[in-house]
Structure formats: structure tokens, C-alpha cells
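Open the structure in your viewer and keep the selection box ready. Each stop below tells you what to select.

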Amino acid sequence: GGVMARILIVEDDDFCREMLSELVIELGHEVVTATGGDEALDLFRAQTFDAVLTDIFMPHTDGIHLIEQLVSLCRQVKILAITGGGSSADGSSVLLSALTAGAGAVLYKPFSPNQLLDCLEELGLATGR
């Protein structure tokens, strides 16, 4: 097992947030959740996180803008951008924007636990599998 990371999960959908939290906690990481961008930024300013998992499409939050703000607050934060945009042309352009903004990895919904693990490993977060 690797070193435990503190991970902030930003997801407005209750079901998705719970699922992401459970998966990440199962890997042995510590999780803090936020339901939107403002809450996420408040938490991020007040605490130290190794990584942020954020949905890109949220009603009150532009995920791309959130990623830019997180990176400006902490240059080395690892960010996983998640989108329900599917792998359509639209979805991929959004993910490209996320990578440009500073995300280290991107994930399409719906995703399997293994795909999430792959992304976390890509970010350098040990998954202990």
C-alpha cells in the first residue's frame, strides 16, 4: 500500500459523490467532499489536499474554471476531471480544456472502479492493488 492521500471530491450529484467517496476510501485514502465550486475552494484554502476529483458539468460550477482556480492556489495539486459528456466530440473538447486548465487525468462517466484506479495511478496516487 502506498502513502494515504487526502482527496477532495467535488460532485453535485449525491449518488456519484457517494460512489466516488466509497471507492477512494476503499483504497485507503482520506476523503473530503464538496457539492460545488465555492464550497470546494473554501475547503481547499483551509486544508491541504493531495488531489482533487471534480466533475466538470455541475449546475452552479464551471469545472474548468474551478480547475484553474485550484491550480492557481496550489501549483502541484493533482486533479482528476470527470465528465458525463460521453466520448462525443463535445465531451472530448471539454476534457481537452480540463487538461489545458491543469487537470492531470480525465475520466468519462459512466466509469468502472478500475478506470478510476487507473486515473489515480496516472496521477501518482498509490492504489495498493
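The tour runs through the nonpolar cores, one isoleucine and one helix.

This is a predicted model, with local features needing pLDDT of at least 70, side-chain atom pairs counting only at pLDDT 80 or more, and totals for chains, interfaces and linings using all residues. Residues are numbered from 1 along each chain as its sequence is written, and side-chain values use heavy atoms, leaving out hydrogens and water.

**Stop 1: the cores.** Select Leu8, Phe44, Val52, Ile67 and Ile79. They have the most contacts inside the largest nonpolar core, which has 26 residues. (A nonpolar core is a set of buried Ala, Val, Leu, Ile, Met, Phe, Trp, Tyr and Cys residues joined through side-chain atoms within 4.5 Å; buried means under 20% relative accessible area, with a 1.4 Å probe and protein chains only.) Helix 3 gives the most to this core: 5 residues. Helices (H or I, at least four residues) and strands (E, at least two) are DSSP runs, numbered from the N terminus. Next, select Ile9, Ala51, Ala105 and Leu125. They are included in a second, separate core of 19 residues.

**Stop 2: Ile79.** Go to strand 6, where Ile79 sits. Ile79 is buried, at 0% relative accessible area. Beyond four places in sequence, its contacts (heavy atoms within 4.5 Å) include Val52, Thr54, Ile67 and Leu123. The C-alpha atoms of Ile79 and Thr54 are 7.5 Å apart, across 25 residues of chain.

**Stop 3: helix 5.** Select residues 113-122. The buried ones are Leu116, Leu117, Cys119 and Leu120. Look down the axis: these buried residues fall within an arc of 165 degrees (taken from the directions from the helix axis to the C-beta atoms), so they line one face of helix 5. Their cover includes helix 1, strand 3, strand 6 and strand 7. Finish just after helix 5, at Gly124, with its positive phi of about 90 degrees.

Notes. Buried < 20%, exposed > 50% of the residue type's maximum accessible area, 1.4 Å probe, protein only.
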